[in-house]
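Q: Hi! Could you walk me through this structure, bit by bit?

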Amino acid sequence: MINEVTQEQKNIDAFLAANSDKKVVVVQGLGFVGAVMSIVVANSDANEYAVIGVDLPNRKPVIDTLNNGEFPIHSTDAKVYEYFENARKRNTFYATSDNYAYTKADVVIVDINLDVAKEVGVDKKLEGYSVNMDGFKAAMHTIASRCKEDVLILVETTVPPGTSQKIVRPIFEEEFEKRGLAPTFKIGHSYERVMPGPGYVDSIKNFYRVFSGINEESADAVEKFLHTIITTDEYPLTRLGNTNATEMSKVLENSFRAMNIAFIQEWTEFAESAGVNLYEVVNAIRMRPTHQNIMRPGLGVGGYCLTKDPLLASWASQELFDSITLTQSEKAVSINDRMPLHTYKTITKHFGADLYGKKVLILGVSYLQNVGDTRYTPVELLYDKLEADGTEIVLHDPFVPQWVEKDMMIDGGDDAFDGAYDAVIIGTPHDIYVKDGKLDSFLSKSDNLVVFDSHGVIGDELRKKHTNHEFKIIGRGDV
Ligand SMILES: NC(=O)c1ccc[n+]([C@@H]2O[C@H](COP(=O)([O-])OP(=O)(O)OC[C@H]3O[C@@H](n4cnc5c(N)ncnc54)[C@H](O)[C@@H]3O)[C@@H](O)[C@H]2O)c1
């Protein structure tokens, strides 16, 4: 049977014909990491890459948006849009769902998701978790069954340590053998430290990177490639001995942070009972150079990484290396997942558990201040609990036009501040609320509100200015 050349393959061929002097980089996965990584590569200093972003057919709206000249992720970083515009001017970026792209790649960068399935019910404790590698394995087969013989595969997805050697490499060996090819591929690992806030592009282009390869040749190829993308003069690369090490580095880095956050939770409750201002204590401790990253109290932990990476690590230890359970790391995730319940309890304590019909304004929905990412936001558990109690909730977030996970449109303008409420909760401490004065002016025109500040952003000045309102600040036993 003769393979018919599809219109999409013709589009890819035309894009590559216009870039015939360039090497071809295919980025697998056009989410928060892959979309921006794609345009960073498409803007390489020497203009040496034609980049094709590939995502799944069900992400056609994102692919079309990209090809129609709009960047699909809302960002406060102007560089995202500058880089995207410049890539379009250069004609060095094209998006598709056609796996034909892999047949043309000199380098494939893997930026797909690898999720942990957790059962966190509103009232349930963390009941375990599971890691399903099937989607990731399928993605590797997709590449390995089509790629060029001397391709460089650069895995950036956060994977359980051991994945490149124990999962990716055997899949490539198997597919190359089926194709009658010698195992001439190169496989490297270099994890992302993407921060989708105001420094989105810089968190890729101007930041430190750790990398490795399954062998010296692979590591050398990754090093050479990263030098062309990242400002390595200022942010030198760190080469580790093997891919297990870089994969471990990523999940250890995030487990450390998750544990640090979980650690302060117990102290938050202790400080509140003991009449202590924990922020003041933390600031005093931070004077010691060895203790500068002790965390402050908060609503909870969200985002795609800290909520799962410690579990990927513990899963790998047990399943890929037949070793111990990383109990402290697992415990950190379970503490963090339930952390919003502390703010919820503070609210119920105040209203005597009778929340039915109370009108509540929640300021901020995303998981991080000044960012629009709502994945695993701790606001969700708080929202679910309050909703289950029959509270009337109005949500406000200038960075989240739509709360995708809840399929809800969110007001980002001023309408939310026209209503009458019983309580206001700071869910995410976006600058607009306290720093830029929105809450101050809202409090000035309202009466008898209870303000729940889950992040300790309301200072004494603001509190004392509005004596007609009551303030409950998480971590402040002195208020
Ligand atoms: N978001 C962050 O801030 C961040 C930071 C550092 C590292 N990471 C890691 O980077 C990886 C990607 O994260 P993300 O936030 O971009 O995830 P995401 O969910 O936003 O994007 C992943 C994309 O991959 C696509 N995809 C899945 N399987 C595919 C396949 N077989 N072929 C083509 N596309 C496929 C999905 O459709 C989706 O669009 C994860 O491992 C994550 O842990 C994320």
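A: Happy to! Let's begin with one term: a residue is buried if 20 or more other C-beta atoms lie within 10 Å of its own, exposed if 12 or fewer, and partly exposed in between. Keep in mind too that this is a predicted model.

Q: Okay, so how many residues of helix 11 are buried?

A: In helix 11, which spans residues 309–319, 9 of the 11 residues are buried, so the helix is mostly covered.

Q: Which ones are they?

A: The buried residues are Asp-309, Pro-310, Leu-311, Leu-312, Ala-313, Ser-314, Trp-315, Ala-316 and Ser-317.

Q: And what covers them?

A: The cover includes strand 5, strand 6 (129–131), helix 9 (243–273) and helix 12 (327–338).

Q: Let's look at strand 5. Where is Val-116?

A: Val-116 belongs to strand 5, residues 116–118.

Q: Is Val-116 buried, exposed or partly exposed?

A: Val-116 has 17 other C-beta atoms within 10 Å, so this residue counts as partly exposed.

Q: What is Val-116 in contact with?

A: If we leave aside neighbours within four places in sequence, Val-116 is in contact with Tyr-129, Val-131, Lys-308, Leu-311 and Leu-312. Two of those names, Leu-311 and Leu-312, are also among the buried residues of helix 11. As for Ala-313, its C-alpha is 11 Å from that of Val-116 in space, with the two positions 197 residues apart in sequence.

Q: New topic: how is the chain divided into domains?

A: There is domain 1, covering 7–249, and domain 2, covering 339–473. Their centres, taken over C-alpha atoms, are separated by 37 Å.

Q: How many residues does the contact take from each domain?

A: Domain 1 gives 7 residues to the contact and domain 2 gives 10 residues. On the domain 1 side, the classes are 4 nonpolar, 3 polar and no charged residues.

Q: What about the sheet with strands 15 and 16?

A: That open sheet has 5 strands in the order 12-11-15-16-17, with parallel pairing. Strand 12 (392–396) and strand 17 (470–473) are at the edges with a single partner strand each, so one side of each has no neighbour in the sheet. On average, neighbouring strands are turned by 20° against each other, direction ignored.

Q: How many bridges join strand 15 to strand 16?

A: There are 4 bridges between strand 15 (residues 423–426) and strand 16 (residues 450–453). One pair to look up is Val-424 with its bridge partner Val-451 in strand 16.

Q: Which helix packs on the sheet?

A: Helix 13, residues 340–351, packs on the sheet and touches strand 15, strand 16 and strand 17. The direction of helix 13 makes about 160° with that of strand 16.

Q: I see His-342 in helix 13. Is His-342 buried or exposed?

A: His-342 is buried, because 21 other C-beta atoms lie within 10 Å. Leaving aside neighbours within four places in sequence, His-342 is in contact with Thr-268, Glu-269 and Ile-474. Its C-alpha is separated by 9.2 Å from that of Leu-382, which is 40 residues apart along the chain.

Q: Last one, the ligand: which residues come nearest?

A: Of the 26 residues around the ligand, Gly-29, Gly-31, Phe-32, Val-33 and Ala-139 come nearest. The shell divides into 12 nonpolar, 9 polar and 5 charged residues. Helix 5 (residues 134–144) supplies the largest share, with 3 residues.

Conventions:
Residues numbered from 1 in each chain as written. Predicted model: local features only at pLDDT ≥ 70, side-chain atom pairs only at ≥ 80, totals over all residues. Pairing = 2+ DSSP bridges. Helix = DSSP H or I, 4+ residues; strand = E, 2+ residues; numbered from the N terminus. Axes fitted to C-alpha atoms, helices over the stretch in contact; angles between N-to-C directions. Contact = placed C-beta atoms within 7 Å. Near = placed C-beta within 6 Å. Nonpolar A, V, L, I, M, F, W, Y, C, P; charged D, E, K, R; others polar. Domains from an automatic or database assignment.
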